[in-house]
Amino acid sequence: MQEAMEVYQEILSSQGSVALQYSPSEGETSLREVIATQLLKKSMQIQVDDVLITNGSQHGLDLVGKSFINPGDVVLVESPTYLGALQAFAPYQPRFVTVDTDEEGMIPEALAQALQVYHPKFIYLVPTFQNPTGRTMGLTRREQIVQLCQAAEVAIVEDDPYSDLRYDGRPVPSIRSLWNEVIYLGTLSKTVAPGMRLGWLVAPPKFMHAAKLGMQATCLNVSALTQHAAARLLSHPNHGQHIDTIRKAYGERMRCMLDSLEREFPSGTAWTRPDGGLFIWVTLPDGIRSFDLVESAYQNRVAFVPGTPFFVGNDGESNMRLNFSNSSLAQIEVGIRRLGNAIKQVEPQKVRS
């Protein structure tokens, strides 16, 4: 907070006449250069002109939909997938087709079949600490998916909000680092501040032109003041320490939630065990639907996100998404205890069939 205050004051004092003006549609060069440098360190072949600054990654998803999707086009997604992507693409009237998944995400054999049958416009993936499941796709799986899409000449949209939030295990290269044609989305919301509403879209030139036109048609540009501040915060000597601090804090909260689930949830409940990110995906005992649990949870003064909205169809009735990032260790323990009690209060045989 203190560093942000100082950065904003410095910019307004020294560059106020520039920072309070319009920004180029593609974004301020200073921020695009910082982001390109960071992505180069992640083995992506990036030029500054490959980066477009967006109002958060959700805006980037909308630009993908606006630039890519015609009514009736098929978009392949994981099952489950990020609800916000479904919402961003839906106004452009695609046909969503789910591809079977396992603990590593999209299954290559199922993707190969879907590519042959549906000839999609693109596939959408959150391969690292996926929202909502927290799972991560391994390197071999990523390479297989790239090979399939290259052969079928189908684009990949890689949504990557969480890869910097790794608490255990070794980093996995991004899909974008394996194939320069991948459209890649990132954000500052998870590592700096969601209130800044800053993200970026990395794309090859053939797509970037359409994305810029979409940008000009909707919002013209992103706040120049916020971009200048973000460029300085990302370049600040303490930025690496800041990332280490939030990794440590979130990692402790994740492990606290996992331990609490072991103690408090009834037999027959299962959940994912992520190496990072923000989410744990819970599967409830047979006969209990998450929507039927909402009222009992409310009475126990705890809330969760039911699983169904993360699916294209009506799946996910037995699932819930839990987030551990914005609660203290004590709050996590109390919340999981209350949620466990709520589950125990719902008798499966009384749940509506």
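**Briefing: two sheets and a buried aspartate**

Strand β6 is covered on both faces, with F122 and Y124 buried on one side and I123 and L125 buried on the other. That strand belongs to an open sheet of seven strands with mixed pairing. Keep in mind that this is a predicted model. Below is a quick tour of that sheet, a second sheet of four strands, and a couple of polar residues worth a look.

**The seven-stranded sheet**

- Reading across this open sheet, the strand order is β1-β9-β8-β7-β6-β2-β3.
- β1 and β3 (95–98) sit at the edges with a single partner strand each, so one side of each has no neighbour in the sheet.
- From one strand to the next, the twist averages 20°.

**Around β6**

- On one flank, β6 (residues 122–125) pairs with β7 (residues 155–159) in the parallel sense, over four bridges.
- F122 stands opposite A155 in β7, while the bridge partner of Y124 in β7 is V157.
- Helix α6 (residues 139–152) packs on the sheet and touches both β6 and β7. Its direction makes about 145° with that of β7.
- Strand β2 (residues 74–77) also runs parallel to β6, joined to it by three bridges.
- Here V77 of β2 is the residue opposite Y124.
- Put together, Y124 is buried, faces V77 and has V157 as its bridge partner in β7.

**The β1 edge**

- In a regular strand, side chains alternate between the two faces of the sheet.
- In β1, V51 and I53 point one way and L52 and T54 point the other way. All of these are buried, even though β1 is an edge strand.
- The partner of β1 is strand β9 (residues 199–202), paired in the antiparallel sense over four bridges.
- T54 stands opposite G199 in β9.

**D50, a buried acid**

- Which loop holds D50? D50 lies in the one between α2 (29–40) and β1 (51–54).
- D50 is buried yet has no salt bridge. The nearest side chain of opposite charge is R176, at 4.6 Å; a salt bridge needs the charged atoms within 4 Å, so this pair does not count as one.
- What the side chain of D50 does reach is the backbone nitrogen of Q47, at 2.8 Å.
- Leaving out residues up to four places away in sequence, D50 touches Q45, L201, V202, A203 and M208.

**S13, out in the open**

- S13 is found in helix α1 (residues 2–19).
- Buried or exposed? S13 counts as exposed, because its relative accessibility is 67% and the cut-off for exposed is over 50%.
- A polar atom of the S13 side chain lies 2.8 Å from the backbone oxygen of Q9.

**The four-stranded sheet**

- This second open sheet runs β10-β11-β13-β12, with antiparallel pairing.
- Its edge strands are β10 (270–271) and β12 (305–306), and each pairs on one side only.
- β10 runs antiparallel to β11 (residues 279–283), and two bridges join them.
- The bridge partner of W271 in β11 is V282.
- Helix α9 (residues 239–264) lies across β10, β11 and β13 (319–323). α9 runs at about 15° to β11.

How values were computed:
Residues are numbered from 1 along each chain as its sequence is written. This is a predicted model: local features need pLDDT of at least 70, side-chain atom pairs count only at pLDDT 80 or more; totals for chains, interfaces and linings use all residues. Side-chain values use heavy atoms; hydrogens and water are left out. Two strands pair if DSSP finds at least two bridges between them. Contact means heavy atoms within 4.5 Å. Axes are lines fitted to C-alpha atoms, for helices over the stretch in contact, and angles run from 0 to 180 degrees between N-to-C directions. Buried means under 20% relative accessible area, exposed over 50%, partly exposed in between (1.4 Å probe, protein chains only). Lys and Arg count as positive and Asp and Glu as negative; His and the chain ends are not counted. A polar contact is a pair of N or O atoms within 3.5 Å; within protein, one must be able to donate a hydrogen and the other to accept it, and residues adjacent in sequence count only if both atoms are side-chain atoms.
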